[in-house]
Amino acid sequence: MVTAKAWVLKKHFEGFPKTSDFDLKKIELPNLKDGELLLESVFLSVDPYMRPYSRRDMKEGDIMIGTQVARVVESKNPAFTVGAFVVAGSGWRTHFISDGKDLQLLPSSWPESLPKSLALGTVGMPGLTAYFGLLEVCKMKPGETVLVNAAAGAVGSVVGQLAKIGGCKVVGCAGSDDKVAYLKKIGFDEAFNYKTVTSLDEALRTASPDGYDCFFDNVGGEFASIAINQMKKYGRIAVCGAISLYNDSVPQKGPYVQVPMIFKELQMEGFIVTRWNNRREEGLKALLKWVMEGKVKYREEVTKGFENMPMAFIGMLKGENIGKAVVEV
C-alpha cells in the first residue's frame, strides 16, 4: 500500500495566496488494476496560470492543479515500463495512479545530460507557449522589433531567445537588476528594470525609438496600457498572461485599448497553448534541438522538498525566480 501526499486548496485565494490557504493531506492508494500504473512525482511545476485557474476550475478541498515529471514505479500497462519518465497533469501530489491515457512520455531523444525538469519549462508547456505565441499569434518576421515583459520568467526568457533566432530585435523588461543582467546575457538587445525607471513610456521609447512590431504580453494592466501606444502601424499583440491582475481583489480600471488599436490598426489576440496540441511534437522537437545547440539557454529556480510547494508557488507569483520555478521532491 502506497501513501501519497497531496496539497489541497483549503480556501480560495483572496488577494495574494498565503500558506494557510493550503492543506497537506495523506491519501492511501489502492492496488493496481490491469491497465494501470503507479507513478512517483520527481519534479513539480509552479506556474502563474494556477492562480486564475484555481478560482475558475477548483472548489475548496480539491487537490491543487498542475503538472509534474513522474517516474513509473509499478506498471500493469504494457505501454509503460517501470523506470520510464512521463509528463503528467495530476496536480500537487507525490504519487498517483493512471490508466496512461493522460501521460506523455519524455521524448526518446531526450539526452542524459539535460535535466528532466526542463520538460516542465523550456522544453515543455512554457517553451511551447513562447513558440506558438510568437509564430502563430505575433507572426514575427525577420527584422522586426519584439517587446516582451516578465522577460526573465519561464515563458518570456524563451520568447526573447526565439525572437533572436528568428532574426528580430528584442526588448525585454523585468523587475530586478539581476534579471536584467540575465536578459543581456542570453542575448536580448535591450533590457530594463521596470521598477526603477522613472517613466515606463520613456524607457520603452529609448529602447526602440521607432516602436514595436510585436508585443508578447505576460503582464497586462498598466504596462500593456502604456506599451500599446508604442506599437507600430499594423502591430500584433499576443496576450499570453496578465500576472499584474491575478491577485487583485478589486478589478483595475482602464485606460482602454480601443483608440490606439483603431489608429494603429493593431491586432490583439489572446491565446492558450493547448490550441496547438496537435503540433506539440513539432514544437518540442524544435525547442529540444535549440537547447542542445546552445541557441536557447535555460535557467531554473529549483526548490527542494514537496512540503515547500506553497512557498515555491507564492515566491514565483512574487517574481522571486529567474527562469522556470520547479519543485524537486
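In this predicted model, helix α6 (residues 221-227) contributes the most to the lining of the second largest pocket, giving 4 residues. The space in this pocket comes to about 290 Å³. Its lining is made up of 20 residues, and those closest to the centre of the pocket are Gly 220, Gly 221, Glu 222, Ser 225 and Leu 245. Sorted by class, the lining of the second largest pocket holds 10 nonpolar, 6 polar and 4 charged residues.

Enclosed space is a separate matter. The structure has 1 cavity of 30 Å³ or more, and the largest cavity holds about 40 Å³ of space. Its lining consists of Thr 122, Ala 154, Ser 157, Tyr 182, Lys 297, Tyr 298, Arg 299, Gly 323 and Lys 324. In terms of class, the lining of this cavity is divided into 3 nonpolar, 3 polar and 3 charged residues.

Where does the largest cavity sit with respect to domain 1 and domain 2? Residues of domain 1 (2-120 + 299-328) and of domain 2 (125-274) both take part in the lining, so the cavity lies between the two domains. The division of the chain into these two domains is accompanied by a distance of 29 Å between their C-alpha centres. To the contact between them, domain 1 brings 18 residues and domain 2 brings 12 residues.

One of the lining residues of the largest cavity, Thr 122, merits a closer look. Thr 122 is found in the loop between β7 (104-105) and α2 (125-138). With a relative accessibility of 7%, Thr 122 counts as buried, because that value falls under the 20% cut-off. Apart from its neighbours within four places in sequence, Thr 122 makes contact with Gly 127, Val 158, Leu 287, Val 291, Val 296 and Tyr 298. Tyr 298 is also among the residues that line the largest cavity.

Burial can also be followed along a whole helix. Helix α9 (residues 309-317) is mostly covered, with 8 of its 9 residues buried. The buried residues of α9 are Met 309, Pro 310, Ala 312, Phe 313, Ile 314, Gly 315, Met 316 and Leu 317. Their cover includes the strands β1 (2-9), β2 (22-29), β3 (37-45), β14 (300-304) and β15 (324-328), along with helix α1 (50-57). Just after α9, Gly 319 adopts a positive phi of about 80°.

Gly 315 of α9, which is buried, can be set beside Asp 210. Between the C-alpha atoms of Asp 210 and Gly 315 the distance in space is 36 Å, with a separation of 105 residues in sequence. Asp 210 belongs to the loop between α5 (200-207) and β11 (212-217). Is Asp 210 buried or exposed? Its relative accessible area is 56%, and because this is over the 50% cut-off, Asp 210 counts as exposed.

A few places in the backbone also deserve mention. Most residues other than glycine have a negative phi, and most peptide bonds are trans. Ala 150 has a positive phi, near 45°, although this residue is not a glycine. Ala 150 is located in the loop between β8 (145-148) and α3 (156-165), and its relative accessibility of 31% makes it partly exposed. Glu 265, likewise not a glycine, has a positive phi of about 50°. The loop between α7 and β13 (267-270) is where Glu 265 is placed. With a relative accessible area of 41%, Glu 265 is partly exposed.

Which peptide bond is cis? The bond from Gly 254 to Pro 255 is cis, and its omega is near 20°. Pro 255 is part of the loop between β12 (231-239) and α7 (258-264).

As for database records, an unreviewed UniProt entry carries the annotation "domain: Enoyl reductase (ER)" for residues 15-327. In the model, the end C-alpha atoms of residues 15-327 lie 23 Å apart, and this span is 27% helix and 25% strand.

Conventions
Residues numbered from 1 in each chain as written. Predicted model: local features only at pLDDT ≥ 70, side-chain atom pairs only at ≥ 80, totals over all residues. Heavy atoms only, no water. 1 Å grid on protein atoms, 1.4 Å probe; cavity = no way out; pocket = protein on both sides within 12 Å on 5 of 7 lines; lining within 4 Å. Points joined across faces, edges and corners; volume = space filled by probe spheres on them. Nonpolar A, V, L, I, M, F, W, Y, C, P; charged D, E, K, R; others polar. Domains from an automatic or database assignment. Helix = DSSP H or I, 4+ residues; strand = E, 2+ residues; numbered from the N terminus. Buried < 20%, exposed > 50% of the residue type's maximum accessible area, 1.4 Å probe, protein only. UniProt positions renumbered as here; feature names shortened; annotations may be inferred. Contact = heavy atoms within 4.5 Å.
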